[in-house]
Amino acid sequence: MACAETVSDPLLVAAIDFGTTFSGYAFAFKGDFKEDPLKISGYTWTLGSTAGLSLKTPTCVLFDHNGDFHSFGAEAEEKYTTLAEDEAHENWYFFRRFKMQLYRNHEIPRDLTIEDDKGKHLPAGKVISACINYLRDHLMKQIAKKDLPVKKTEITWVLTVPAIWSDPAKQFMREAAVTGGIPNSQLMLALEPEAASIYCKHLPVERLAAGAKSALGAFSPGTKYLILDAGGGTVDITVQEVQTDGTIKQLYMANGGDWGGTKVDQAFEEYLMELAGPETVYKFRDEDKAGHLDLCREIEIKKRQIKPDQTSKVTFKVPITLSEIFEREKGTDFRESLASSKKVRWVGDKLRVDPDVARGFFDNACQHIIQHLNGIFDEAKVRGTNTILMVGGFSESPMLRDAVEKGFPGKTIIIPQESGLAVLKGAVQYGYEPRIISTRICKVTYGVQTNRNFKKGDPESKKFDAEGTIKCRDCFSKHVEIGQAVDINEAFEEHVYYPLYSDQTGMSVPIYTSTEKDPRYTDDPSCRYLRGTHCQYARYARRGKTEKYRSNLPLVGQK
């Protein structure tokens, strides 16, 4: 994942954790890191109108009516709220929780657009690069305040990405970061669960939460552990083993799904629709943008407070606009419409629901996670894994913690005190110790597109004549197989490719991936062309020599 040209001995490592719901940055100077790997600095953001401070700010960005960047985070939320209250927001662009669109789009076309709060679109690259540029610039200003001499060329930047993302999505983020002002030669991508694992490996026992006392050997050589990285949008799961030299080997390729904390938000909104009707909720969203944003903040706070043993009702503060719209649409009072229900009451501007109803908002997300974990623990490669390391913002939820503990009573559950910051701080440590991850499991099969001799069973449509030899086009030449363990900097057997025609002076090698172990052709449904990784240099024998040529000609043959 690391760029080969990154700063070999950086004076400073700066990490950006660009999350679905919250984002932030952290950094550490080389001297501080060598003294204490946990000596990592960040920025304490104010959370707008909501009380509290945090090392992360909401992943929200605002563009003005010209499509120019205006603000990011809580500042963007506050400005958009003010605009909405003055009914001056219509021509502005407000984006929140848009990172998930990269997860849902496998191919990530260069012209991909994302939808804002009102259904308007801007290019995804423009939106994301503006966010990264803002965080980069904000970080550089904080470093300047420390009055320590550091050149821009002495910084290694680390950008976190979900491990379950496709290669095109990760490449898209790299390109967005470069557009956002980070030189490609100084940029590394860190897989989120790996970063969290590195952070927890450095933590002393007293800073590990649940299960810590019984997990003193959790990171000793030979120990296998599963990382459950539950964020706002996605849940990343992988299994690792500590090696005798202290490095970390991946045993099971990262997988997961979109079962993060936003699923709880969706469940609450669906419940609200059951109570007030979809039409009322949709009009509430459209007519009271500021109120809807306040409600989203309210849900974000409450879902971290709801407990599995809660006996009292849970109170959600809901803007009075919702009941006003309900009365306008339905012709009756919202409170009276709920009078017959024993599980919910409307009091003033508050919705008070029974604890079992509130706990039900977590059912969908928790059930998906537990079912997926059960499937992983049944895998042969994972047997003997008795420790679950829970990180990510959603891991701060007592409901998710309880679900995992009850689902796996025989496992040791480790939750660091700063589980929501484990990825961010671990990314800084990864920047100084990129080789600590010694082995990864390939998520896909990698190969190149080539032409070989036509064989019985090959499609007639792929047959063609190359100077008297019948060839088959679009063949998949495999280099690395899905599920294969690959050591960092490991060299594989060389494949030699030859020109098809005697007068050919160059060729290029398109790189493809597949979810199958042995794909035959690059146009099989399982195959994807890796955009941006087209190999421009290829070796082939000519006049008794092996030479290198540069060309855009897709004319490659294989013996």
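I began by settling a term: a salt bridge is a side-chain nitrogen of Lys or Arg within 4 Å of a carboxyl oxygen of Asp or Glu. With that in hand I looked for linked pairs, and I found that Arg97, Asp265, Glu300, Lys303, Arg304 and Glu396 are joined in a network of salt bridges. I note here that the model is a predicted one.

**Entry: the chain as a whole**

I looked up the overall make-up next, and the chain has 15 helices and 30 strands. Of its 559 residues, 53% are buried. I also checked how far along the sequence the contacts reach: among those between residues at least 6 apart in sequence, 70% join residues at least 24 apart.

**Entry: Arg97, a member of the network**

I went back to Arg97, which sits in the loop between strand 9 (93-96) and helix 3 (100-104). Its phi is near 50 degrees, a positive value in a residue other than glycine. I wrote this down because most residues other than glycine have a negative phi. Arg97 counts as partly exposed, since its relative accessibility is 21%, and buried would mean under 20%.

I found a positive phi at Asp474 too, at about 60 degrees, although Asp474 is not a glycine. Asp474 is placed in strand 25 (residues 469-480), and with a relative accessible area of 22% it is partly exposed.

**Entry: salt bridges one pair at a time**

The structure holds 35 salt bridges, and I followed three pairs in detail. Side chains of opposite charge can pair when their charged atoms come close.

Which residue does the side chain of Lys289 meet in a salt bridge? The partner is Asp117, at 3.0 Å from N to O. This pair links distant parts of the chain, for Lys289 belongs to helix 9 (residues 289-302) while Asp117 lies in the loop between strand 10 (113-115) and strand 11 (121-123), and the two are 172 residues apart. I compared their surroundings with care: Lys289 is buried, with a relative accessible area of 9%, whereas Asp117, at 26%, counts as partly exposed.

Helix 9 also holds a pair within itself, where the side chains of Asp294 and Arg297 meet in a salt bridge of 3.2 Å, N to O. Both residues lie in helix 9, three residues apart, which is about one turn of the helix. Asp294 is partly exposed at 35% relative accessibility, but Arg297 is buried, with a relative accessible area of 8%.

My last pair was Glu329 with Arg328, whose side chains form a salt bridge of 3.5 Å, N to O. Glu329 is partly exposed, with a relative accessible area of 34%, and Arg328 is partly exposed as well, at 48% relative accessibility.

**Entry: helix 9 against helix 2**

Having met helix 9 twice, I looked at its packing with helix 2 (residues 74-85), and the two axes come within 8 Å and cross at roughly 145 degrees. From helix 2 the contact takes in Glu77, Glu78, Tyr80, Thr81, Ala84 and Glu85, and from helix 9 it takes in Lys289, Ala290, Leu293 and Arg297. I sorted these residues by class, which gave four nonpolar, one polar and five charged.

**Entry: helix 13 against helix 14**

I then turned to helix 13 (residues 363-377) and helix 14 (residues 398-407), which pack at an angle of about 35 degrees with their axes 10 Å apart. Their crossing is right-handed. Here Cys366, Ile369 and Ile370 of helix 13 meet Met399, Leu400, Ala403 and Val404 of helix 14. By class this contact has seven nonpolar residues, with no polar and no charged ones. Cys366 is itself buried, at 8% relative accessibility.

**Entry: cysteines**

Cys366 led me to the question of how many disulfides a search of the whole structure finds. I recorded zero disulfides.

Why does Cys475 form no bond with Cys472, the residue with the closest cysteine sulfur? The two sulfurs are 3.7 Å apart, which is too far for a bond, because a disulfide is counted for cysteine sulfur atoms within 2.5 Å. I added that Cys475 is buried, with a relative accessible area of 2%.

Methods
Residues numbered from 1 in each chain as written. Predicted model: local features only at pLDDT ≥ 70, side-chain atom pairs only at ≥ 80, totals over all residues. Heavy atoms only, no water. Buried < 20%, exposed > 50% of the residue type's maximum accessible area, 1.4 Å probe, protein only. Axes fitted to C-alpha atoms, helices over the stretch in contact; angles between N-to-C directions. Helix = DSSP H or I, 4+ residues; strand = E, 2+ residues; numbered from the N terminus. Left-handed = near helix turned anticlockwise from the far one by under 90°. Contact = heavy atoms within 4.5 Å. Nonpolar A, V, L, I, M, F, W, Y, C, P; charged D, E, K, R; others polar.
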